[in-house]
Amino acid sequence: MVVVIKRDGSKEEFIKEKVVVSCLKAGATLEAARAIADEVEKRVSGLEAISSRELRSMVLELLRARNEEWYENWLTYDRAVKRRVEG
């Protein structure tokens with residue numbers, strides 16, 4: 001089991017479906033969202049823990065590689081709703 005260390009220091013289990021849902025919200029197709037989630041799962045397998053920031057960067061990298069608009073949609077959501085900035 002891979003643990004995700006959230007910004008507030010809390011921890012939760014990595015759940016691949018959360019990556020799928022996030023990608024869908026960014027505009028990705030279901031097929032692309034699942035492929036991105038599969039790739040993320042492969043990259044984190046074997047790790048004990050990963051920060052939510054590292055996980056976010058990984059997903060953004062994969063979104064951008066597939067579709068610049070999906071990447072921009074994710075960043076727009078983060079800025080508007082979650083009040084985050086890229087980085």
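**Entry 1: Phe14**

I began with Phe14 and listed its contacts (heavy atoms within 4.5 Å). Leaving aside neighbours within four places in sequence, I found Phe14 in contact with Val2, Val4, Val19, Val40, Glu41, Val44 and Leu55.

A note to self on the ground rules: this is a predicted model, so I kept local features to pLDDT of at least 70 and side-chain atom pairs to pLDDT 80 or more, while totals for chains, interfaces and linings use all residues. Residues are numbered from 1 along each chain as its sequence is written, and side-chain values use heavy atoms, with hydrogens and water left out.

**Entry 2: the core**

Next I looked up the largest nonpolar core, meaning a set of buried Ala, Val, Leu, Ile, Met, Phe, Trp, Tyr and Cys residues joined through side-chain atoms within 4.5 Å. Buried here is under 20% relative accessible area, exposed is over 50%, and partly exposed is in between, with a 1.4 Å probe and protein chains only. The core holds 25 residues, and Phe14, Val19, Cys23, Val40, Val44 and Leu63 touch the most other members. Two or more residues each come from helix 1 (16–25), helix 2 (30–44), helix 3 (52–66) and helix 4 (68–80).

**Entry 3: the chain as a whole**

How many helices and strands does the protein chain have? I counted four helices and three strands, using DSSP runs numbered from the N terminus (helices are H or I with at least four residues, strands are E with at least two). Along the sequence the pattern reads β-β-α-α-β-α-α.

I then checked the radius of gyration, taken over C-alpha atoms, against the globule rule of 2.2 Å times the number of residues to the power 0.38. For 87 residues a compact globule would come out near 12 Å, and the protein chain has 12 Å, so the two agree. The C-alpha atoms fill a box of roughly 30 × 30 × 15 Å along the principal axes.

Buried residues make up 32% of the 87. Of the contacts between residues at least 6 apart in sequence, 50% join residues at least 24 apart. The accessible surface is about 5,600 Å², with 50% of it on carbon and sulfur atoms; this comes from the Shrake-Rupley method with a 1.4 Å probe, and for residues only the protein chains shown count as cover.

**Entry 4: charges**

I tallied 17 positive and 16 negative side chains, with the centres of the two sets 4 Å apart. Lys and Arg count as positive, Asp and Glu as negative, and His and the chain ends are not counted. Each charge is placed at NZ of Lys, CZ of Arg, CG of Asp or CD of Glu.

**Entry 5: Val4 and Ser10**

Is Val4 buried or exposed? Val4, in strand 1 (residues 3–5), counts as buried because its relative accessibility is 7%. Outside its sequence neighbourhood of four places, Val4 is in contact with Ser10, Lys11, Glu12, Phe14, Ile50, Ser51, Ser52 and Leu55. Val4 and Ile50 are 46 residues apart in sequence, yet their C-alpha atoms are 5.1 Å apart.

I followed the link to Ser10, which lies in the loop between strand 1 and strand 2 (11–13). Ser10 has a relative accessible area of 30% and so is partly exposed. Beyond four places in sequence, Ser10 touches Val4 and Ile5. From Ser10 to Glu54 I read 15 Å, C-alpha to C-alpha, over 44 residues in sequence.

**Entry 6: Val19 and Leu62**

Val19 lies in helix 1 and is buried at 6% relative accessible area. Past its neighbours within four places, Val19 is in contact with Phe14, Ile36, Ala37, Val40 and Val59.

Leu62 sits in helix 3 and is buried too, at 12%. Which residues does Leu62 touch, not counting those up to four places away in sequence? I found Ile36, Glu39, Val40 and Arg43. Leu62 and Gly46 are 16 residues apart in sequence and 20 Å apart in space, C-alpha to C-alpha.
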